[in-house]
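I am opening these notes to record what I looked up about charged side-chain pairs and one packed position. The entries follow the order in which I checked them.

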Amino acid sequence: MIQYILRRLVWTVVTIAAIIAVTFLVTYAIPSDPARVIAGPHATPETLASIRAALGLDKPLLLRLVLYFGQVLHGDLGYDWVMQQPVLSMILQALPATVYLAVAAVACELLIAIPIGVVAAVRRNSWIDQVTRTASLVGVALPVYWVGSLLLLYLGFYAGLFPLGGFSAPGVVLPALSVGLTGAAVYVRILRSSMLEVMRLDYVRTARAKGLAERIVIWRHIFRNALIPVVTYLGMDLGYLLGGLVVTEYVFSWPGLGLLLNHAIGNVDGALIMGLTMFSASAIVVMNLVVDIVYAFLDPRISYA
Amino acid sequence: MRTKLRWATTLSTGLVALSLVLSSCGGQPAAKTGGNGTTTTQPQGGPTITTAFTSNIETLDPAKWTDMTSMYPMEMIYDTLVTYDPAQGSKIVPDVATWDVTPDGLKYTFHIKPGIKFSNGDPLDAYAVKYSLDRVTSKSPIGGGGAPYGFAYSAIQGYKEWNSSGQKASPDGKGGLAGVKVIDPQTLEIDLSTPQAFFLNTLALMSAAIVDPKVAEQYGKDFSTHAVGSGPFKLDSWQQGLQMTLVPNPNYWGPNKPKVAKLVLKENVSDTLQLLQFRQGELDFVGGPLTTAEYAQVLSDPKLKNDYFKVGGNIIYYLAFNTTKPPFNNPLVRQAVNYAIDKQQIIQNITNGRGQVMSQPLPPGIPGYDPSLQPYPYDPAKAKQLLQQAGVKLPLKVTMIYPSNTQDHIRTAQMVQQQLQQIGIDVSLQGISQVGTYWPTEDDPTKPWEIAWTDWFQDYPDAQDFLYNLLSKDAFNSTNVGNWTDPTFEQLVTKADSLPASQQEQRVQLFQQAEKIAHDQASWVFLYYGWYDALIQPWLRPDPHDPAGLGVYLHPVSTPRFNMMSVQK
Amino acid sequence: MSALLNVPEAQPATELSPSLSPWRQFVRRFFRNGPAVFGLVLVVVLCAVAILAPHIAPLDPYATYPDGTTPQGLPLPPTWRWGHFFLGTDPSGRDVLSQLIWGARVSMEVGFMATLIAVAIGLLIGLVAGYAGGLVDNVLMRITDIVLAFPFLLFVILLRSVISNPTVATVYTVIGVLGWAPTARITRGQVLAAKNQEYVEAARALGAGTARILWRHLLPNVLGTVIVYGTLQVAQNILTESALSFLSIGVPDPTVSWGKMITLGLNFYQTAPWLIIWPGLALALASLGFNLLGDGLSDAFNPRAEE
């Protein structure tokens, strides 16, 4: 077990190093030049050169990459000359909103997916199974910003049930619901098929034979065990979830990392784009690590040889 | 000033100062706050005005200021020496000071009204004014590369020496700009090295906002988040990127004290959301220019129609030609394009009628506009004939750049592409918003394009702001996007710029002659004149004594004066 | 991603009744599956629309018709008259139906090409890793793991946004180049399972070279699974393009895609809801079609997964 955790740990570090290197190299291709941002359009070439030297932009690429690693190790994601703030502080400021929305969105996905998945499995091939499966496929087929905008217009504006965007507790409902409606389909499928698998197992048959109420069999014996793949997928899904949040936050002016990224794209802000991508990618890798370790403790079926 | 494209917002003349930036961005001593500027006021009763922006409020520091969004709070927090008359937008009137000027236009004496205090109780005197001007013109006011708008004051004596000295402004009135002298605490003298007819206009810009020297010294480059001025409101709280709250300044000296308890400025709210929020009453004021999508709703909703205000402001929308290379170094080809574009259709489809076909660089409200000049009519046949006359081989392939961050810009570009296709010009579109492309006009003197969509929001109502900033040689590769030039035009504008305000009539004549040249030479494709508009809730209408609605706005960039709005709630 | 989960476990298709050839069995199973056939019909129709766009679009999708707006410049609602702004116009006075038809082209092109690139890279890496095993396998799979760990859309945005002067090809290349990792994983799994099958061993015993074994024996075996996954990926790539368009870093102007139509429409949805309804429906149908088709193929390839 310890060995497994250690291996995962080392592996996480390698992955994060790769993420840092890739984002750095890709962003390096952006001709947006901090020296130009600082000096303005009328600067002479000499001035630009001296600013570049002061910022270390004249050093060879590999050296800069190494220096950048050092910087990141010290918790410094660089200074953003466009926004005139340190990149990390902007990210940390926006992070809570994104985490808040992400948690709410996952909750929404599960709230939608669990009843549908269970019913679909229990009454498989019935009309209810067909309808819910198709409905969830339609859900996954719709762009999240499309769903979000319509929810905003109908539930937020015309019905007046929810705030029109912005950061607040009731304001999280609509963006979370948009992500939930478009993301729940996957969980419906996983849950349905894993329920079906569990149903075939012997102990379920035994439970039934003992005369346990069907409700108890379904929820206590089947559902619980069928949840394992759902939890696994949750961990894998984080990166996808984050992508959806980028778009959703924009629709609802939700002040998280996604909105920040949108502004960074619009402002030609290389430093911020690099910082955001790196930070969120690393965060996801770390989260995956945590999920795996927790999982290793919880699920005795996995062997860690 | 160019909105949306933040790197284009600087004026042209001077330069933006350069210095080594890093030296000062390190150790900022953690200043101990001693109750300074943090007097907590009980919010008085009364309603709250809420407004929102699509972007961040970038700064409250005049030495960092470049953008329009930041002007909304800054106009409310700070005073300037002079300002614009609320009733007649373009007229300069005293703000904290009255003034005398010598007939040669070289020496200004400002008499600061007595008893004016900053919101924290510090006195506003000539020392504070000098400090503020020294700070914004010094090379290293806050540890950045100099204030973006510092060069607007380059006509003041000793500007060059002070700017290149790299020293920081001092609150005791010593050093700094040689031409700015404290005579006594209520009297300030400013000497210019050359007459500048629009000098007072530059003193009404937010870069000339008067800051509290004590607080500015205390917080250095973090002054933005601790801003203290003497305007009708003061900063209460600011969650950067989310929202800023202003409350009335208890020490405000002016006649128009705020009639509300709070002013809330929400940041980063999309256009679509802003309009929904306004319709639901969450927002009280939606500033413009409104997007076409927003205006389309105004047109189809009678209630909104009632809340819609068209308020002055001078905006021009035009296409710049790259005149440094064929084919657009040939005036005939430029004229042909002017004939080939149906401006009326663009106004109808892109702005839903909120525009006037443009005939010349200056908008009608600016002295120097020549009413006898007619717009190029839409005449594709004439356009084809001119192309033939110029010997252009068709189809002509050109690249057009435009900011692709709003649907209205994208649609304009697509429409131009369609119309030019009719006369045999193939336009390939290149939207500029993705990372990796600076606005090539600013950044790349090689200009890998032929046509650029661009706009200009006036900084102050003087022809110089248009003709010099957009078409002079000094502004090459910068705000003169296409490097258009003409020797006679250059001469006329330079001459007009060197005349003092007392010779305004002669200036107007010179500008009109220059206008004719730009028109005849087809310096740009003249698209249309636009204006600011806004949505205002019924309870918060402009001053009833000012039915035109101009009172809400502070020329020249039309940010609202929330303190002057009448309140019925 | 959703599609990941629809991939059947690596297992050879067994349980074939001896009387029919595997292919016939497959076809029969597929066509007995109603939703799958519906998906196939949708996909075929969309592809036909995309290919025939120049012939069936009633108007020029890029032309800004002066009579295409009200005198105030507002877009026209659907007229339901063919050739006369059947599904309405956009605020520039362009015909929505024609844009929708031409938009199918771009959406399909991006969806298919990105998938093709991803599948090609993924197949190559998966085949090599699975067949070679050992160190090569280890290194390739570690790289795959790293790519899988990257948040897909974020890296698409990052990579796409550093490219100036994009074309449609830029967009699908970026999506494809970052999307190969799942295919590589799946392929490797299939190869590992197939490697020890008798026919591969027999081929090796007969002296077939590595390349030949990969090409002739392992590839066909793997292809079924990969086609299923690829079909689902097409749907996902179409949605990715629309998300990029929404963030204003999609296909370049003036090229019309469904994502761009929705993005423009979103600004106007209160005054002109038809601007987002039609492209939204088109997007949903396309995505639904490929998903149903993918599911159907998967069920047909792998009868035991059918419950």
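I began with B:Lys516, which comes out as partly exposed because its relative accessibility is 41%. This is a predicted model, and in it I found B:Lys516 in a salt bridge with B:Asp520, with the closest N and O atoms 2.8 Å apart. The partner, B:Asp520, is also partly exposed, at a relative accessible area of 32%. Both residues sit in helix H16 (residues 504-520) of chain B, four residues apart, so about one helical turn separates them.

I then turned to helix H12 (residues 407-421) of chain B, where B:Asp408 and B:Arg411 lie three residues apart, about one turn of the helix. They form a salt bridge with closest N and O atoms 3.5 Å apart, and here both residues are buried.

My next entry concerns strands: the side chains of B:Asp191 and B:Lys181 meet in a salt bridge at 2.5 Å, N to O. B:Asp191 belongs to strand E7 (residues 187-191) and B:Lys181 to strand E6 (residues 180-184), so the pair ties together parts that are 10 residues apart in sequence. I noted B:Asp191 as buried, at 5% relative accessible area, whereas B:Lys181 is partly exposed at 33%. Both belong to a network of salt bridges that also links B:Lys107 and B:Glu189. Over all chains I have a total of 22 salt bridges.

Last, I checked B:Ala383 in helix H11 (residues 380-389) of chain B, which is buried at 0% relative accessibility. Beyond its neighbours within four places in sequence, B:Ala383 contacts B:Ala336, B:Tyr339, B:Ala340 and B:Ile423; B:Ala340 is 43 residues away in sequence, with 5.6 Å between the C-alpha atoms.

Terms used. Residues are numbered from 1 along each chain as its sequence is written. Chains are lettered from A and ligands numbered from 1 in the order in which they are written. This is a predicted model: local features need pLDDT of at least 70, side-chain atom pairs count only at pLDDT 80 or more; totals for chains, interfaces and linings use all residues. Side-chain values use heavy atoms; hydrogens and water are left out. Helices (H or I, at least four residues) and strands (E, at least two) are DSSP runs, numbered from the N terminus. Buried means under 20% relative accessible area, exposed over 50%, partly exposed in between (1.4 Å probe, protein chains only). Contact means heavy atoms within 4.5 Å. A salt bridge is a side-chain nitrogen of Lys or Arg within 4 Å of a carboxyl oxygen of Asp or Glu.
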